[in-house]
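Subject: Structure handover

Hello,

Here is the structure I promised to pass on. Please open it before you read the notes below.

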Amino acid sequence: MLTPASFIEQCRACLANRGGPDDIAALTKQALAAQVQQPSLWAIGELMYRADELQIVNLTLPPFTMSPIHDHATWAVVGIAEGCEVEHLYERRGQVLEKTAEIEVHAGETVVLDATTIHAVSNPLPTPARGIHVYGKDLIATERHMWHPATGAEMAMHLPTFERWERELTAANQARRSAPGG
């Protein structure tokens, strides 16, 4: 059975052998199955691994989570073990962002996002979404961007502000969903 430690080692070995995001996605699918089969083994902290060339996050999105628009400045593999995560994709059109697509990632599925992806993330369900996100860089040390939820202004990623905006967007989304007719 795949464990968090063996998943990390497989991802590191994959990259050392010149594997790419599609190879990491295949490994992530195995890890998602292990999360479902042995949830207590995977009940670990959010940050599973962090190095210059790889970051792995054990992620739980509360019901109706909504993130601000942001980028990663690297490829990402998004995998969902339980629930659903929606990727809201955007492209630059001059000085503004235009929403171009949505991708729903359901239990057992992965999606690969390239280094140019600009997106927001949501959980459309009244239950948590659990999964694994794998990134091709250390997101904490990488220069990234976020967009102000009200003005659309692009700015450097500032994690405390991003997290505050995520809480505010999520609370508003939860209130909308619980309102009559929501």
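How much space lies in the second largest pocket? About 330 Å³. Keep in mind that this is a predicted model.

**The second largest pocket**

The lining is made up of 20 residues. Nearest the centre of this pocket are Ile69, Tyr90, Leu97, Trp147 and His148. Two strands each supply at least two lining residues: strand 5 (84-93) and strand 6 (96-106). Sorted by class, the lining of the second largest pocket holds 11 nonpolar, 6 polar and 3 charged residues.

**The largest pocket**

Now turn to the largest pocket. Its space comes to about 790 Å³. It is lined by 28 residues. Glu46, Leu59, Leu159, Phe162 and Glu163 are the closest to its centre.

Four elements each give at least two residues to this lining. They are strand 2 (54-61), strand 8 (118-122), strand 9 (129-135) and helix 3 (159-178). Which element gives the most to the lining of the largest pocket? Helix 3 does, with 6 residues. By class, the largest pocket is lined by 12 nonpolar, 10 polar and 6 charged residues.

**An aromatic pair**

There is 1 aromatic pair in the count. Its partners are Phe7 and Trp42. The ring centres are 6.3 Å apart, and the planes meet at 55 degrees. That makes the pair tilted.

Where do the two partners sit? Phe7 is in helix 1 (residues 4-16). Trp42 is in the loop between helix 2 (21-37) and strand 1 (47-51). The partners are 35 residues apart in sequence, so the pair ties together separate parts of the chain.

Are these residues buried or exposed? Phe7 is buried, with a relative accessible area of 0%. Trp42 is buried as well, also at 0%.

**Arg130**

One more residue to find: Arg130, in strand 9. Its relative accessibility is 17%. Buried means under 20%, so Arg130 counts as buried.

What does the side chain of Arg130 reach? It reaches the backbone oxygen of Gln35, at 3.4 Å. Gln35 is also on the list of residues in contact with Arg130, once neighbours within four places in sequence are set aside. The others on that list are Pro39, Leu59, Thr60, Ile80, Ala81 and Glu82. You have met Leu59 already, as one of the residues closest to the centre of the largest pocket.

Best wishes

Conventions: Residues numbered from 1 in each chain as written. Predicted model: local features only at pLDDT ≥ 70, side-chain atom pairs only at ≥ 80, totals over all residues. Heavy atoms only, no water. Phe/Tyr/Trp six-rings, centres within 6.5 Å; stacked < 30°, edge-to-face > 60°. Buried < 20%, exposed > 50% of the residue type's maximum accessible area, 1.4 Å probe, protein only. 1 Å grid on protein atoms, 1.4 Å probe; cavity = no way out; pocket = protein on both sides within 12 Å on 5 of 7 lines; lining within 4 Å. Points joined across faces, edges and corners; volume = space filled by probe spheres on them. Nonpolar A, V, L, I, M, F, W, Y, C, P; charged D, E, K, R; others polar. Polar contact = N/O pair within 3.5 Å; in protein donor to acceptor, adjacent residues only side chain to side chain. Contact = heavy atoms within 4.5 Å.
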